[in-house]
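Dear colleague,

I am handing over the structure we spoke about, and below it you will find my notes on what turned up when I went through it. Please read them with the coordinates open beside you.

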Amino acid sequence: MGAVRRLVDADTGEPVPYAPYAFSGRHTQVDKARVEAITESKAFTPSQKFLVLWWIGVSPEGMEPLRATGADIGQRVGMSTDAVGKINRKLAKHRILIVRGRIGNYNFYRISPYIAFHGTGVEQREAVRTCNPPEIPGFDETAPARWEAQ
């Protein structure tokens, strides 16, 4: 059995409490204000809101796209290929989804790094520099993020 490493406060020498996250696996950082704005917006249908949440959960680490077709996604979420395509296009129009690859006529998407990101803070800062913020009706874009204000 391996030794348990104890963290201590560098200034006081006191033990620092540690507990692993209670998530069942990988997890991501989410902008709760933007997700709240999307879920409360009248501009999006319940199916569109559902797919936003699904995209948050399945988008790969960093800025990689999800390599799945509309048919693949439709089968996973119980929607038709056409419905998934229409929803993805609308979410991309609002920059909630961003295009990160293409094969033939099919775009590969991922959730905007402004909404959710799996990676370090430095990686997320670089990611948001590669795309424009999403257009979410009703979201107050005037309040800068903490790192933008500094």
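A definition first, since the element names below depend on it: helices are DSSP runs of H or I with at least four residues, strands are DSSP runs of E with at least two, and both are numbered from the N terminus. Please also keep in mind that this is a predicted model.

With those names in hand, I begin with P113, whose place is in the loop between β3 (106–111) and β4 (116–117). Although P113 belongs to a loop, its relative accessibility is 1%, and because buried means under 20%, P113 counts as buried. Once neighbours within four places in sequence are left aside, the residues in contact with P113 are M63, I98, Q124, A127, V128 and C131. P113 and S59 are separated by 54 residues in sequence, while their C-alpha atoms lie 9.9 Å apart in space.

The helix I looked at in most detail is α2, which covers residues 46–58. Its 13 residues should span 18 Å at 1.5 Å a residue, and the C-alpha atoms at its ends are 18 Å apart, which agrees. The buried residues of α2 are Q48, K49, L51, V52, W54, W55, I56 and V58, a list that includes the charged residue K49.

How do α1 and α2 lie relative to each other? The axes of helix α1 (residues 32–40) and α2 come within 9 Å and cross at roughly 155 degrees, and since angles over 145 degrees count as roughly antiparallel, α1 and α2 are therefore roughly antiparallel to each other. The crossing of these two helices, α1 and α2, is left-handed. On the α1 side the contact involves V35, I38, T39 and E40, which meet K49, V52, L53 and I56 of α2. Sorted by class, this contact of α1 with α2 has five nonpolar, one polar and two charged residues.

The arrangement of α2 with helix α4 (residues 81–93) is described by axes that come within 10 Å and cross at roughly 75 degrees. As 65 to 115 degrees counts as roughly perpendicular, α2 and α4 are therefore roughly perpendicular to each other. The contact is made by S47, Q48, L51, V52 and W55 from α2, together with V84, I87, N88, K90 and L91 from α4. By class, the contact of α2 with α4 has six nonpolar, three polar and one charged residues.

Two residues of that contact deserve a line of their own. Q48, which lies in helix α2, is buried, with a relative accessible area of 9%; neighbours within four places in sequence aside, Q48 is in contact with A43, I87, K90 and L91. N88, whose place is in helix α4, is also buried, at a relative accessible area of 1%. Setting aside its neighbours within four places in sequence, N88 is in contact with L51, W55, I73, L97, Y106 and Y109.

Finally, what is the phi of R95? Although R95 is not a glycine, its phi is positive, at about 60 degrees. R95 has its place in the loop between α4 and β2 (97–103), and with a relative accessible area of 26% R95 is partly exposed.

With best regards

Key
Residues numbered from 1 in each chain as written. Predicted model: local features only at pLDDT ≥ 70, side-chain atom pairs only at ≥ 80, totals over all residues. Heavy atoms only, no water. Axes fitted to C-alpha atoms, helices over the stretch in contact; angles between N-to-C directions. Parallel < 35°, antiparallel > 145°, perpendicular 65-115°, else oblique. Contact = heavy atoms within 4.5 Å. Buried < 20%, exposed > 50% of the residue type's maximum accessible area, 1.4 Å probe, protein only. Expected span 1.5 Å × (residues − 1). Left-handed = near helix turned anticlockwise from the far one by under 90°.
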